[in-house]
Amino acid sequence: MDNDVAAGNTTSTLGHLALGLTLLAFGIGSTGVIDNVAASDAASLATWVGGVALFLVGLLALRAGNGGEGTAYSALGAFWFTWGTGVGDGGSAEATGLFLLLWALLALTLTMAAAGSGLFGQGVYGLLFVALLLLGIGALADNGGLGKAGGWVAAVAGLVAWYGATAAVAHWPTSLSRSGRSAAAAS
């Protein structure tokens, strides 16, 4: 087995943990799967963990010379802080949809910029893009089904981010080596 998550990269690990927990809370709230729990209930977590913590992790990554992670975490921190502090302000569905679609563009940029970084880089951002796209279109079209689907995709993105961070700390595998794949194919 091959471990493609750098265990020593603490900004990556902390960033994925913060992003994962925030996406899980936001996603599960958006699905409506738990009675009396909505996405807006994740506002405090989104503000402080997804917003402030991710932004600070981004600044630390930038200071360490990692422009990709620094940009990603700082921008995602700004997104979560803005969402967390603005939820419940009574904005129109159209404004909410536009907000989510504009931030989906950021997620698309991060997805393309993370090409070659594997499942835990490009995969998380790609899933975040799909989630924000579904949620944004769902808000604009007043379609709760699209919103719930977006919530599920966000929850899966959160699980992937959480696993990537946990794998780095626990030294769990994140990919199969060529010999592992060929042995699995032979059986």
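This report describes the aromatic pairs, the largest pocket and two helices of a predicted model.

## Aromatic pairs

The structure contains eight aromatic pairs. In one of them, the ring centres of Phe-26 and Trp-80 lie 5.2 Å apart and the ring planes stand at 75 degrees, so this pair is classed as edge-to-face, a label that applies to paired rings whose planes are over 60 degrees apart. The two partners come from distant parts of the chain, since Phe-26 belongs to helix 1 (residues 10–31) and Trp-80 to helix 3 (residues 67–86), with their positions 54 residues apart in the numbering. Both Phe-26 and Trp-80 are buried.

Phe-26 and Trp-80 also belong to a wider group, because ring pairs join Phe-26, Phe-79, Trp-80, Trp-83, Phe-99 and Trp-103 into a cluster.

## The largest pocket

The largest pocket holds about 650 Å³ of space. It is lined by 28 residues, and those closest to its centre are Trp-83, Val-87, Gly-88, Thr-96 and Leu-100. Trp-83 is therefore a residue to look at twice, as it is also one of the rings linked into the aromatic cluster.

Several helices share in this lining: helix 1, helix 3, helix 4 (93–113), helix 5 (119–141) and helix 6 (144–170) each supply at least two residues. Helix 4 gives the most, with five residues. When the lining is sorted by class, there are 11 nonpolar residues, 14 polar residues and three charged residues.

## Gly-27 in helix 1

Gly-27 is found in helix 1, and its relative accessible area of 0% means that it counts as buried, the cut-off for that word being under 20%. If neighbours within four places in sequence are set aside, Gly-27 is in contact with Gly-151, Trp-152, Ala-154 and Ala-155. A separate distance concerns Ala-38, which is 11 residues from Gly-27 in sequence, while the C-alpha atoms of the two residues are 9.1 Å apart in space.

## Helix 4

The length of helix 4 can be checked by a simple piece of arithmetic, in which its 21 residues, taken at 1.5 Å a residue, should span 30 Å, and the C-alpha atoms at its ends are indeed 30 Å apart, so the expected and computed values agree. The expected span uses one less than the number of residues.

The buried residues of helix 4 are Gly-97, Leu-100, Ala-104, Leu-106, Ala-107, Leu-110 and Thr-111. Leu-100 thus appears in two parts of this report, because it is buried within helix 4 and is also listed among the residues closest to the centre of the largest pocket.

How values were computed: Residues numbered from 1 in each chain as written. Predicted model: local features only at pLDDT ≥ 70, side-chain atom pairs only at ≥ 80, totals over all residues. Heavy atoms only, no water. Phe/Tyr/Trp six-rings, centres within 6.5 Å; stacked < 30°, edge-to-face > 60°. Helix = DSSP H or I, 4+ residues; strand = E, 2+ residues; numbered from the N terminus. Buried < 20%, exposed > 50% of the residue type's maximum accessible area, 1.4 Å probe, protein only. 1 Å grid on protein atoms, 1.4 Å probe; cavity = no way out; pocket = protein on both sides within 12 Å on 5 of 7 lines; lining within 4 Å. Points joined across faces, edges and corners; volume = space filled by probe spheres on them. Nonpolar A, V, L, I, M, F, W, Y, C, P; charged D, E, K, R; others polar. Contact = heavy atoms within 4.5 Å.
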